[in-house]
Amino acid sequence: MRATIDERIKDVAIKFGSQVPKSKLYRYPKELSLLPELLFHLRRGPLLGSIVGHEDERSVLRSLFLNASFDLSLRMLAPRCLMHREGGTFEELPAYDLAMQSDTAVVLDHGTDVFIWLGAELAAHEGKSAAALAACRTLAEELTELRFPAPRILAFKEGSSQARYFVSRLIPAHKDPPYEQEARFPQLRSLTTDQRTKLKSSFIHFDDPSFCEWMRNLKVLPPEPS
């Protein structure tokens, strides 16, 4: 299925896109610009990827996915990322690892699982972190109130061993050049130089390609963000 997804991305680009002049790359059609990112989440997420350890677990998730409502199946395919702001409000952001900023709390809704991630700087302030965690739990419960089966709601702090379950469900964009990071994750522009440096230094290198790297490996230009 993962190989089939790759082939369909190339087929759509060749049949409905256009070739870049003097290049082997194809442009993805603007009308379908959201599709590749959704499929990228699908191929590396719990339904087709390896972030869920056992094949029996993946089979159960696939069965749930095929019988789920549209809203639940969409969340199982591509997670929704919401960053906590002062005053208890939330800002919806692309589900990229660039959301893992140490002074924030993030809720990630992936259908059958909802994750709450507390940055290390925020967690160091007991009062602020308690208020942020309470707001995140309230949001998680509101998002999943009518969802069946009831999802797991898991919370953990930056640097904990369980945080890998959160990281693995986000698009690894920290290796992309700054101009691509800002284009796909505009919230970065609000960070100071020191905050950008801290964020960059917090990531551990691994071999998983980013969304942009994956698209270029398929000889397709990443679509412009909508």
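Buried means under 20% relative accessible area, exposed means over 50%, and partly exposed covers the range in between. The exercises below apply these cut-offs to a predicted model.

**Exercise 1. Which residues of helix 6 are buried, and where do they lie around its axis?**

Solution.
1. Under the cut-off for burial, helix 6 has Ser129, Ala132, Ala135, Cys136, Leu139 and Ala140 as buried residues.
2. Viewed along the axis of helix 6, these buried residues stay within an arc of 140 degrees, so they line one face of the helix.
3. The general background is that an α-helix has 3.6 residues a turn, so residues three or four places apart point the same way.
4. Glu126, Gly127 and Glu142 are exposed, on the other side of helix 6.
5. The partners of the buried residues include strand 3 (80-84), strand 4 (90-93), strand 5 (105-109) and strand 6 (113-118). Helix 5 (120-123) and strand 7 (152-157) also pack against the buried residues of helix 6.

**Exercise 2. Compare the expected span of helix 6 with the distance between its end C-alpha atoms.**

Solution.
1. Helix 6 covers residues 126-143, which is 18 residues.
2. The expected span is 1.5 Å times one less than the number of residues.
3. For helix 6 this rule gives 26 Å.
4. In the model the end C-alpha atoms of helix 6 are 26 Å apart, so the two values agree.

**Exercise 3. Locate the cis peptide bond and state its omega.**

Solution.
1. The bond joins phenylalanine 148 and proline 149.
2. Its omega is about 0 degrees, and the bond is cis.
3. Proline 149 sits in the loop between helix 6 and strand 7.

**Exercise 4. For lysine 22 and lysine 219, give the phi angle, the location and the exposure class.**

Solution.
1. Lysine 22 is not a glycine, yet its phi is positive, at about 55 degrees.
2. The loop between strand 1 (18-19) and strand 2 (26-27) holds lysine 22.
3. With a relative accessible area of 91%, lysine 22 is exposed.
4. Lysine 219, also not a glycine, has a positive phi of about 65 degrees.
5. Lysine 219 belongs to the loop between helix 10 (211-217) and strand 8.
6. A relative accessible area of 48% makes lysine 219 partly exposed.

**Exercise 5. What does proline 225 contact beyond its neighbours within four places in sequence?**

Solution.
1. Proline 225 is in the segment after strand 8 (220-221).
2. Once those neighbours are set aside, its contacts are Ala183 and Arg184.
3. Arginine 184 is 41 residues from proline 225 along the chain, but their C-alpha atoms are separated by 6.0 Å.
4. The relative accessibility of proline 225 is 36%, so it counts as partly exposed.

**Exercise 6. Test the overall size of the chain against a compact globule.**

Solution.
1. For 226 residues, a compact globule would have a radius of gyration near 17 Å.
2. The protein chain has 18 Å, which agrees.
3. Along the principal axes, the C-alpha trace spans about 55 × 45 × 30 Å.
4. Of the residues, 44% count as buried.
5. Among contacts with a separation of 6 or more, 62% are between residues 24 or more positions apart.
6. The accessible surface is about 12,500 Å², with 55% belonging to carbon and sulfur atoms.
7. The secondary structure consists of 10 helices and eight strands.

**Exercise 7. Describe the span that UniProt lists as "domain: Sec23/Sec24 helical".**

Solution.
1. The unreviewed UniProt entry lists residues 1-74 under this name.
2. The span is 58% helix and 5% strand.
3. Its end C-alpha atoms lie 18 Å apart.

Definitions and conventions. Residues numbered from 1 in each chain as written. Predicted model: local features only at pLDDT ≥ 70, side-chain atom pairs only at ≥ 80, totals over all residues. Heavy atoms only, no water. UniProt positions renumbered as here; feature names shortened; annotations may be inferred. Helix = DSSP H or I, 4+ residues; strand = E, 2+ residues; numbered from the N terminus. Buried < 20%, exposed > 50% of the residue type's maximum accessible area, 1.4 Å probe, protein only. Arc of directions from axis to C-beta. Contact = heavy atoms within 4.5 Å. Rg over C-alpha atoms; globule rule 2.2 N^0.38 Å. Areas by Shrake-Rupley, 256 points an atom, 1.4 Å probe, with all protein chains shown as cover.
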